[in-house]
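Me: I would like to learn how to read a helix and a ligand site in a model of this kind. Could you take me through one example, giving the general idea before the particular case?

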Amino acid sequence: MTDIKKGLAGVVVDYTAVSKVNPETNSLLYRGYPVQELAATQPFEAVAYLLWNGELPTDVELAQLRAVERQNRALPADVRAVIDRVPLDAHPMDELRTAVSLIGAQDLAGSGSVLDASGNPEENLARSVRLFAVLPAIVAYGQRRRRGLEPVAPRDDLDYSANFLWMTFGEVPDDVVVDAFNRSMILYAEHSFNASTFTARVITSTLSDLYSAVVGAIGALKGPLHGGANEAVLHIFDEIGDAAAVNGWLDTALAEKRKIMGFGHRVYKRGDSRVPTMKAALDTLVNHYDRPDVAALYDALESEFVARKGIYPNLDYPSGPAYNLIGFDTLTFTPLFVAARVTGWTSHILEQLAANALIRPLSEYNGADERHIDGYVADE
Ligand code: SDX
């Protein structure tokens, strides 16, 4: 009897030098650095540089990256025109997928045959930086257009996280909010062979192009078992209403065998190493916006669900309410995850390209026995 590993659970399929997820020590390293230390000390641009290049940038290298990021952060007119063709009630992840697809088609136009699709490391690093730079404008415009607002042009006097908030809300954000948002982007940036990253690696392993791999990863991340969970957490908070209603709501939800979004993890089984850092960021936002009700509901649901099921929060549980407090629409949450994770995805794309090994697992057939077409006679 073949030992099938459903969902590839527990299966080690390759090496990676990008990050180390260690459930035994409940830790996460980006190129060797604990993510908590990066979140407490680095701008997101520096962490992006680290993931792509393997080292934290010098001041000169950071300044060079910031210059290229500023040159590419405006919403291109034809990308806006395509986004404006997407129905307003489509999911923003479909908008994002469409925009990246257009950007890729334009960049790759005329680049020759399919044999040239994958490109070289320098081209793909430059593509990665340009996607990193433009995604905030696309995500910000997505939220604004659903509110009937025009896009806000980027500001060169603001770094990545502050500019992302400026383009979304049209106001220069408080430092407290910028810091909490910056931490969330660092925490969301990378997490080894999660479903969307592995999707990107599978697509890359055929020597397809970086944009095709990112579009595929966006599709995988949309699912509520993966990146869509942060959006789903807010839907649950809206359903419950307040802390006093948690027990009754959980009675019903568990009786219906519902998955409680924001809890559980395929790799971490005693809590997600990123949660304490994101929870601390949420706490600063709860104080900044004076919303003790959010903290009460958060704590009540966590303590009750952990007590009943022994399943712990993952990163999506604190990040959902944090993004809600900052003012992002719930539908914008998973696009924010894309803007952060594009750094991890593209780091893995570069690594997979260098490995140059097709990913193609086996399957165990359990379908109909061999049978034949009535009257068919093979040619001699
Ligand atoms: C992310 O892989 C990554 O690294 C992903 C990510 C990243 O940074 O890329 O960390 C980001 O995707 C975090 C996860 C976000 N998803 C959710 O919050 C959705 C809710 N979580 C569950 O669907 C679940 O916990 C998974 C999918 C995340 C993990 O599931 P597993 O490892 O496949 O475990 P399982 O579904 O087999 O659960 C084991 C048991 C089951 O009970 P039984 O059927 O054995 O009785 O635990 C139960 C599950 O029903 N369970 C839950 C639950 N999570 C597990 N029951 C209710 N609610 C939950 N959230």
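**Helix α11 and the ligand**

Reply: The buried residues of α11, where buried means under 20% relative accessible area with a 1.4 Å probe and protein chains only, pack against α8 (175-188), α12 (246-255), α14 (292-309), α15 (316-326) and α16 (333-355); helices here are DSSP runs of H or I, at least four residues, numbered from the N terminus, and contact means heavy atoms within 4.5 Å. This is a predicted model, in which local features need pLDDT of at least 70 and side-chain atom pairs count only at pLDDT 80 or more, while totals for chains, interfaces and linings use all residues. Residues are numbered from 1 along each chain as its sequence is written, and side-chain values use heavy atoms, with hydrogens and water left out.

Me: Why is α11 described as largely enclosed?

Reply: Nine of its twelve residues are buried, so the rest of the structure largely encloses α11; among them are Ala229, Leu234, Phe237 and Ile240.

Me: Where is Thr330, and what does it touch?

Reply: Thr330 sits in the loop between α15 and α16 and counts as buried because its relative accessibility is 17%. Leaving out residues up to four places away in sequence, Thr330 touches Glu231, Leu234 and His235.

Me: Which polar contacts does the ligand make with Arg274 and Arg341?

Reply: A polar contact is a pair of N or O atoms within 3.5 Å. An oxygen atom of the ligand is 2.7 Å from an N or O atom in the side chain of Arg274, and a polar side-chain atom of Arg341 lies 2.8 Å from an oxygen atom of the ligand.

Notes. Buried < 20%, exposed > 50% of the residue type's maximum accessible area, 1.4 Å probe, protein only. Helix = DSSP H or I, 4+ residues; strand = E, 2+ residues; numbered from the N terminus. Polar contact = N/O pair within 3.5 Å; in protein donor to acceptor, adjacent residues only side chain to side chain.
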